[in-house]
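Have the model open as you read. The paragraphs below walk through it one region at a time.

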Amino acid sequence: MTLVVKPTVKSIKEYAYQAIQQHLKKTVKWETAVKKDEDPEGLHQMRVGMRRLRTAISRFDLVLNLPQSASDQKISKIASTLGKLRDIDVVKETLETLYQPYLPPKEQKVLATALNVLGKQRQKALSRTRKTLQGEAYNSLKEGLLLWLDQPIYKPLASLSIEQVLPDLLLPEVSSFLLHPGWLVGTDIIDADVKVCINWPAENIEQELTTKGASIHNLRKQAKRLRYQMELFSDLYGESYAGYVAEVKSIQDILGKMQDSVVMGEWLEDVFRSLEAQLPTLTSLLRENRYQMWQQWQPLQERYLQTQHRHSFHLMLTRKSLPWCEAR
């Protein structure tokens with residue numbers, strides 16, 4: 001008879017502490033590089049670190065007693081400043097690498113004007129970012145969390161084992177994801193039966209993105225929150241769990257690229273008043289990009305509107321799929 005050794009089960013507070021320590025370390029690591037504006041990758045990494053830190057703090061709020069300087073609202077403001085600078089870098093890189101080389105010479109010159117405008121906007125955003133990283137809110141956040149890590153304070157629930165509460169931590173976020181109205185964009189509902197509208201021409205897709213793009217963008221943000229939370233517990237589940245994390249990431253990436261294209265078009269429209277008149281080739285390329293992203297999105301949309309797949313997602317979190325259950 002083979003002796004099965006049951007894995008050591010950690011408490012909630014151990015996962016909370018580890019997540020905050022890891023993401024604060026990553027955030028602080030890139031601070032100097034961002035201030036010096038050395039490499040766009042540093043800004044990206046610091047922004048991700050801040051976002052994941054925010055997710056960890058907000059999702060473990062029920063067990064943590066953190067300083068007021070580490071509130072979700074204050075972290076959100078700092079992350080937003082980093083995000084605005086990062087968004088400009090993404091627009092600049094995308095225009096320069098994915099679009100400008102494929103434009104006719106005349107349009108390349110026109111686009112160069114827009115890139116000059118973008119450069120000026122970036123300088124303002126960089127100045128705001130540096131001011132934020134030198135300001136009281138950011139430094140109080142950093143110092144407050146470092147002190148907390150040295151002497152952590154928890155609420156009573158923190159002593160419960162992760163085995164007792166893990167599904168309860170994850171299911172509310174999964175439900176918010178699955179019940180988001182963004183899933184219904186580009187669908188028809190007939191007698192409570194949801195049908196994805198397939199084979200739409202590009203014009204219909206553009207109209208849907210114009211009128212309901214905000215809903216898709218919000219679904220993308222919800223997917224990101226869910227993914228970050230699920231990744232906190234990847235070591236506690238098996239391959240099935242990893243597969244759902246990968247799907248959520250794909251949804252986030254596809255919707256993100258679609259939204260980035262819409263935002264880029266709106267920004268260029270503000271610069272040139274009439275984008276199609278000034279940059280017809282670029283306008284066509286942006287529409288084609290959104291069309292392709294839509295084709296990638298619809299199979300995932302259909303999959304997550306299926307009752308069986310939605311139920312399987314929930315069941316995967318609660319059935320005997322955890323390591324300590326599999327060992328029994």
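K195 counts as partly exposed, because its relative accessibility is 48%, between the 20% that bounds buried and the 50% that bounds exposed. The residue sits in strand β2. What does K195 touch, once its neighbours within four places in sequence are left aside? The contacts are G186, T187 and D188. P105 is another matter. K195 and P105 are 90 residues apart in sequence, and their C-alpha atoms are 44 Å apart in space.

This is a predicted model. Stay with the strands for a moment. Strand β1 covers 187-190 and strand β2 covers 193-196, with D191 in the loop between them. D191 is not a glycine, yet its phi is positive, at about 55 degrees. Is D191 buried or exposed? It counts as exposed, because its relative accessibility is 76%, over the 50% cut-off.

Move past β2. The loop between β2 and α8 (202-231) holds N199. N199 is also a residue other than glycine with a positive phi, here near 60 degrees. N199 is exposed, with a relative accessible area of 71%.

Now step back to the whole chain. The secondary structure comes to 13 helices and two strands. Along the principal axes, the C-alpha atoms fill a box of roughly 75 × 55 × 35 Å. The protein chain has 328 residues, and 46% of them are buried. The exposed surface is about 17,500 Å². Carbon and sulfur atoms supply 51% of that area.

How do the contacts spread along the sequence? Take contacts between residues at least 6 apart in sequence. Of these, 81% join residues at least 24 apart. Charge comes next. There are 45 positive side chains and 38 negative ones. The centres of the two sets lie 5 Å apart.

Turn to the helices, beginning with α4. Helix α4 spans residues 72-99, and G83 is within it. G83 is buried, because its relative accessible area is 5%, under the 20% cut-off. L43 is 40 residues from G83 in sequence. In space, the two C-alpha atoms are 8.8 Å apart.

Helix α9 runs over residues 239-272, 34 residues in total. From its first C-alpha to its last, α9 reaches 49 Å. That is close to the 50 Å expected at 1.5 Å a residue. Just after α9 comes R273, with a positive phi of about 70 degrees.

Helix α11 follows further along, at residues 280-305. It has 26 residues and reaches 37 Å between its end C-alpha atoms, close to the expected 38 Å. Where does α11 bend? The bend is at W297, by about 30 degrees. A proline, P299, follows within four residues.

Which residues of α11 are buried? Among them are L282, T283, L286, R290, M293, W294 and W297. Q298, L300, Q301 and Y304 are buried too. The general geometry helps in reading such a list. An α-helix has 3.6 residues a turn, so residues three or four places apart point the same way.

T283 is worth a closer look. This residue of helix α11 counts as buried, because its relative accessibility is 7%, under the 20% cut-off. Not counting residues up to four places away in sequence, T283 touches L275 and E276. G265 is 18 residues from T283 along the chain. The C-alpha atoms of T283 and G265 are separated by 7.6 Å.

Terms used. Residues numbered from 1 in each chain as written. Predicted model: local features only at pLDDT ≥ 70, side-chain atom pairs only at ≥ 80, totals over all residues. Heavy atoms only, no water. Buried < 20%, exposed > 50% of the residue type's maximum accessible area, 1.4 Å probe, protein only. Contact = heavy atoms within 4.5 Å. Areas by Shrake-Rupley, 256 points an atom, 1.4 Å probe, with all protein chains shown as cover. Lys, Arg positive; Asp, Glu negative; His and termini not counted. Charge placed at Lys NZ, Arg CZ, Asp CG, Glu CD. Expected span 1.5 Å × (residues − 1). Bend = angle between axes of the 7 residues up to and from the residue.
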